[in-house]
Amino acid sequence: MSLSPKAKAAADKIKSFDEDDLHSISEVIRHEVEHATNVITDRAKKAEARIRQFTDNAGENLGAAKDRATEVITDNPVPASLIALGVGVVLGMILSSGRR
């Protein structure tokens with residue numbers, strides 16, 4: 001397997017590097033990896049905070065909706081029961097028509 005002209009040129013260039021050049025390159029690479037790690041960590045923390053805020057808000061909203069629904073059902077048990085019965089009948093008809 002032969003190398004392309006660009007790969008051969010790159011290999012020749014690397015062969016010409018001395019120890020100081022290699023040390024400098026490794027330091028640059030180390031610095032860039034550390035920087036990338038810090039950026040990714042920072043963005044992950046920001047995303048985590050946004051997700052936590054979203055889930056907290058969703059939990060609060062669901063709790064408030066549950067409380068409101070419980071209040072409405074408690075205050076109006078007969079209409080709530082009739083609505084639940086109607087929904088059950090409609091769902092039963094939809095599900096049973098799919099079996100035919």
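These are my notebook entries on one predicted model, from overall build down to single side chains.

**Entry 1: overall build**

I started with the secondary structure. The protein chain has three helices and zero strands. Read from the N terminus, the order is α-α-α. I noted the ranges for two of the helices: α2 covers residues 19–75, and α3 covers residues 77–97.

Next I looked up the dimensions. Along the principal axes, the C-alpha atoms fill a box of roughly 90 × 40 × 10 Å. The radius of gyration is 33 Å, where a compact globule of 100 residues would sit near 13 Å. So I stopped thinking of this chain as a compact globule, because its 33 Å stands against a rule value near 13 Å.

**Entry 2: burial and surface**

How many of the 100 residues count as buried? The lookup gave 0%. Buried here requires under 20% relative accessible area. I then pulled the accessible surface of the protein chain, which comes to about 9000 Å². Carbon and sulfur atoms own 63% of that surface.

**Entry 3: charges**

I counted 14 positive and 15 negative charges in the protein chain. Their mean positions lie 11 Å apart. I also found a patch of negative charge on the surface, where Asp 18, Glu 19, Asp 20 and Asp 21 gather. I checked one member in detail: Asp 20 belongs to helix α2. Asp 20 counts as exposed because its relative accessibility is 58%, and the cut-off for exposed is over 50%.

**Entry 4: salt bridges**

Side chains of opposite charge can pair when their charged atoms come close. I found six salt bridges in the structure and wrote down three of them, starting with Glu 34 and Arg 30.

- The side chains of Glu 34 and Arg 30 meet at 2.6 Å, N to O. Both residues are in helix α2, and they are about one helical turn apart because four residues separate their positions. Glu 34 is partly exposed at 40% relative accessibility, and Arg 30 is partly exposed at 40% too.
- Lys 46 pairs with Asp 42, with the closest N and O atoms 3.4 Å apart. I placed both in helix α2, four residues apart, which is about one turn of the helix. Lys 46 is partly exposed at 46% relative accessibility, and Asp 42 is partly exposed at 39%.
- Arg 68 and Glu 71 form a salt bridge at 3.2 Å, N to O. This pair is three residues apart in helix α2, again about one helical turn. Glu 71 comes out as partly exposed, with 42% relative accessible area.

I went back to Arg 30 afterwards. Which residues are linked with Arg 30 in a network of salt bridges? They are Glu 27 and Glu 34.

**Entry 5: nonpolar patch**

Last, I looked for nonpolar side chains on the surface. Val 78, Leu 82, Leu 85, Val 89 and Met 93 form a nonpolar patch there. Together they have about 520 Å² of accessible area. I picked Val 78 for a closer look, and its place is in helix α3. Val 78 counts as exposed, at 56% relative accessibility.

**Entry 6: what I take away**

My short version is a chain of three helices with 0% of its residues buried. The salt bridges I wrote down lie in helix α2, including Lys 46 with Asp 42 and Arg 68 with Glu 71. Val 78 of the nonpolar patch sits in helix α3.

Technical notes. Residues are numbered from 1 along each chain as its sequence is written. This is a predicted model: local features need pLDDT of at least 70, side-chain atom pairs count only at pLDDT 80 or more; totals for chains, interfaces and linings use all residues. Side-chain values use heavy atoms; hydrogens and water are left out. A salt bridge is a side-chain nitrogen of Lys or Arg within 4 Å of a carboxyl oxygen of Asp or Glu. Buried means under 20% relative accessible area, exposed over 50%, partly exposed in between (1.4 Å probe, protein chains only). Patches are made of residues with over 30% relative accessible area and no salt bridge: like charges are joined within 9 Å, nonpolar side chains (Val, Leu, Ile, Met, Phe, Trp, Tyr) within 5 Å. Accessible areas come from the Shrake-Rupley method with a 1.4 Å probe; for residues, only the protein chains shown count as cover. The radius of gyration is taken over C-alpha atoms; the globule rule is 2.2 Å times the number of residues to the power 0.38. Lys and Arg count as positive and Asp and Glu as negative; His and the chain ends are not counted. The place of a charge is taken as NZ of Lys, CZ of Arg, CG of Asp or CD of Glu.
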